[in-house]
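Hi,

Here is the structure I said I would pass on. Have a look at it first, and then read on for what turned up.

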Amino acid sequence: MDAESTQFQQAQLMAILGPDPAPFETLISHLMSSANEQRSQAESIFNLLKQNDPNSLALKLANLLSSSVHLEARAMATILLRKQLTRDDSFIWPQLTEPTRSAVKNILLSAIQNEESKSIIKKLCDTVSELASSLVPENQWPEILPFMFQSVSSNSPKLQESAFLMFSQLAQFIGETLTPYITDLHTVFLNVLNNSTNPDVKIAALSAVINFIQCLSSSNDRDRFQDLLPSMMKTLTEALNSGQEATAQEALELLIELAGTEPRFLRRQIVDVVGSMLQIAEAESLEEGTRHLAIEFVITLAEARERAPGMMRKLPQFISRVFAILMKMLVDVEDDPAWHSAETKDEDAGETSNYSVGQECLDRLAIALGGNTIVPVASEQLPAYLSATEWQKHHAALIALAQIAEGCSKVMIKNLEQVVTMVLNSFQHPHPRVRWAAINAIGQLSTDLGPDLQVQYHQHVLPALAGAMDDFQNPRVQAHAASAVLNFSENCTPEILTPYLDGIVHKLLLLLQNSKQMVQEGALTALASVADSSQIHFQKYYSAVMPYLKTILVNATDKSNRMLRAKAMECISLVGMAVGKDIFKEDAKQVMEVLMSLQGSQMETDDPTTSYMLQAWARLCKCLGQDFLPYMSVVMPPLLQSAQLKPDVTITSADSDNEIDESDDESMETITLGDKRIGIKTSVLEEKATACNMLCCYADELKEGFYPWIDQVAPTLVPLLKFYFHEEVRKAAVSAMPELLRSAKLAVEKGIAQGRNETYVKQLSDYIVPALVEALHKEPDTEICANMLDAINECLQISGQLLDESQVRSIVDEIKQVITASSSRKRERAERSKAEDFDAEEGELLKEENEQEEEVFDQVGEILGTMIKTFKASFLPFFDELSSYLMPMWGKDKTAEERRIAICIFDDVAEQCRESALKYYDTYLPFLLEACNDENQDVRQAAVYGLGVCAEFGASVIKPLVGEALSRLNVVIRHPNALQPENVMAYDNAVSALGKICQFHRDSIDAAQVIPAWLSCLPIKGDLIEAKVVHEQLCSMVERSDAELLGPNNQYLPKIVSVFAEVLLAGNDLATEQTTSRMINLLRHLQQTLPPSTLASTWASLQPQQQLALQSLLSS
């Protein structure tokens, strides 16, 4: 900045800070100016003022908001002061002197008393609350609570409302500070709710009560406000009776908030509260908006599973009423001519807001309450709709079925015949909108009730859909039938689909030539899905289908056809993957040429082509494998660009008037965090997620071929491990981490890493592993936690010894954290199961949530196993630290899966650390022995395997326990169902462990009895890894003519030969190549050395086909 303009600014500052308030007011008005130049000049002066003289700035703003005659200036000054007093980067309070602070506090409180404008009073309350939230907990504003109490009891409605507004906003910060005044507050609230005649004051009081209840941590304190509930509800009913629906809607929104956060507060009076809400929902004289909010309240209560499990299921009479209300809303649909035109833009033609609310709420209600509650109600109410003469009612019943399917799937699968028949009968309805709804229901049921529906009803459903594709009078129905084929085939095996392919593919090709784009698009997606589901069986249709697809790809170039071309890309790439490289190779080249020219062209930001093209390239890569490498230089730059997209985020204040209007923009998603509303453009996030998935796909497919891109991809994806706007982006980034490391390691090993060596792999590992561990620490989603643990495990397997001690330490610390967090989530669930209304359905849902926890424990076990295998005895100090976290997992109260994991970890320690692990035997062996006879077969398998390991490496430590070990193994081996498929793995491992005892502790057993008993269990055929170990051991014993094995007079020789025969007949499954050739040599040796009579009786004990097979093996 040159000297002249600096002087000019100084002069301006002097004027602004002078005694005349006008220059400062002008500055503030310039901040609101629509002229950019003027506004940015004002902003720089304002910021200068803030840096140089925050005291003057605070006082000037305070004086302006209290004394300016201009409404806008007072409003702007109030907002600006609030910004300076918000605890973020612009917080100036710490820099203010005591006199300034005191003046600002006093001016704000007197401004609330003197201000007349309602909207400014609200803003003043916001500003006071903002400041008080920082000061009251530190006891730095002693005047504020007395001021609020006085205002509440004053006879000025304006002051009463202001005080309640401040109570609402401050409750979460100063709730604990207010606890001593509970009795006073209760009296104030009750008095105002019952006696005030001013609706605004009542709503503000309602808001204050609800916020206050939410911030009380003890349920006893909350219960003291129970008796306010009738008065709270009265606020709502009085507003409705006096026709003040806007006020009623505010009250409803507040009560919905209460239902979501403190549902049990409503429990004692639930019948009255829900009853009133349903009356509002049923009252046709009220505005739709009011009735929708009343329904939202009831649905929110039904959804409050974590805080009040099962509560709403106890009110069957209400559920039936809610369902009836929602059904009535679904009937509100018109036969709009635009619907029949089959243009995508008129997708929802004729649907009203009642219809869409009804649809959404049925879905939510069914998910919240489950099939046992909803299906009986639906069975009672839907038949009347289905038999009605008005098409709207029939349509409503079919839409309802589709909406409840997800939440009721388990119960509906039990009544499949009834459900499917109901829908298929409607395929013949005279009204096209009803036929559309029937097809829609079949599509939805195929997704929610699959694969059962596909297996049992394919012979009814597919012909019905094929028939609907012939409805040329109604292209929208045809298009929807094609989409339903997609839903059906996604959950379908090739065996079911193949017999119908001739007919379906033929019809879809006809639809591809339809003049309506919607029909063509439906046909393309259906073809893609059918090819994907039938895989190799689709080869037969390739030559008929591909020319059509290429034609669309080449010719659909104008803007109106963009989606068509995008779907053609998707279809071509899926067909290519289904039929395989050899058939697709030639066409693939042409398709890539088209894609390359498209890639080079300028596309608009909302063009769907980009996302489809990214996916098509990745599928082509999967199909062509290494042949795809030449195209990577074309594919990667735009892909990286998409992966690096910044989320398009707008942040506004949650209570600001210029709310993002959700209805206007479908692609904006809004979330409210604290007092901020965050709007995110979802299309950007979806493109980003697709791109990240594709990067992972390329690294996985091309292995070392992906090496040249690692240096760009790693810095793109690693920061996205903490991309909290979108789960799919995080999942993709997590999955890509081990793929990148593997690619780098292979490239170095195969010498194609441009001269880089293992140091490069270590650098990459040092970048990736700590980032994964840190991301895991902050990850909110249980499923993604399990994915991250899995990725860390894979990275460990790849990097192995490259990890240094501090990295191992951080992983171990994180594992402690993961176990602790998981246990506390389980404890919370156990607490939930003690709730008064907890029922079987809730129990079912809890079980599902706990199964997800097991996935986390599983991965913890895998990681520890990998670390023990990698670092062996040097990992033991870490294992010692973890033992207090792992020991509880052996407990009887833990799930079988947790016990299994705990045992596997000990097995790994014993096997990998050998003599260094002996010190743990005393602690763990008693558990291990007991677990050998656990009722769960997987726990038994892990335990008996561990016994075998201890027998092999336990030396003298295990000697005293050999007797008990034998009897434990005996129980497993002699069990009557030991060889059933579910038990055979435990059996095989027990036999293997018995063999180890025979081998390493022969002097502690009665060998003449135990060894023949072991032999009688052979061969083992379930666990192929143990089979190879055991049969090799048998071979060695025969080679050294083990006396107890052969028995007196070689009496066990026929059994040994028969075991050899079975093993040899199984090819390489039950023994290694080396063992099989040793067995053949042994048999030849026996042939030459045994007396002829012994040889003959041995042969005779074999089955005829064994004799033949052995003869051909021995003679070859």
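How many Å separate the centres of domain 1 and domain 4, taken over C-alpha atoms? The answer is 62 Å. Bear in mind as you go that this is a predicted model.

Those two domains are part of a longer list. The domain assignment splits off domain 1 at 1-135, domain 2 at 142-312, domain 3 at 318-334 plus 350-423, and domain 4 at 450-630. So you can place the numbers, the protein chain has 1116 residues, 55% of them buried. Its C-alpha trace spans about 125 × 75 × 70 Å along the principal axes. For secondary structure, the count is 54 helices and three strands. Looking at contacts in the chain with a separation of 6 or more, 72% are between residues 24 or more positions apart.

There is also a record to mention. An unreviewed UniProt entry annotates residues 42-114 as "domain: Importin N-terminal". In the model that span is 77% helix and 0% strand, and its end C-alpha atoms lie 29 Å apart.

Next, a helix to zoom in on: helix 19, residues 353-369. At 1.5 Å a residue its 17 residues should span 24 Å, and the end C-alpha atoms are indeed 24 Å apart, so the two agree. Is helix 19 largely enclosed or largely open? Largely enclosed by the rest of the structure, because 12 of its 17 residues are buried. Among the buried ones are Tyr355, Val357, Cys361, Leu362, Arg364 and Leu369. The cover over the buried residues includes helix 16 (288-303), helix 17 (316-330), helix 20 (371-387) and helix 21 (391-414). Helix 40 (840-871) is also part of that cover. Right after helix 19 comes Gly370, with a positive phi of about 85 degrees.

Last, a residue to click on: Glu1026, which sits in helix 49 (residues 1024-1039). Which side chain of opposite charge is nearest to Glu1026? That would be Lys996, 4.6 Å away. A salt bridge needs the nitrogen within 4 Å of a carboxyl oxygen, and Glu1026 has no salt bridge even though this residue is buried. Leaving aside residues up to four places away in sequence, Glu1026 touches Tyr945, Asn989, Ser992 and Ile1020.

Over to you, and happy browsing!

Note on methods
Residues numbered from 1 in each chain as written. Predicted model: local features only at pLDDT ≥ 70, side-chain atom pairs only at ≥ 80, totals over all residues. Heavy atoms only, no water. Domains from an automatic or database assignment. UniProt positions renumbered as here; feature names shortened; annotations may be inferred. Helix = DSSP H or I, 4+ residues; strand = E, 2+ residues; numbered from the N terminus. Expected span 1.5 Å × (residues − 1). Buried < 20%, exposed > 50% of the residue type's maximum accessible area, 1.4 Å probe, protein only. Contact = heavy atoms within 4.5 Å. Lys, Arg positive; Asp, Glu negative; His and termini not counted.
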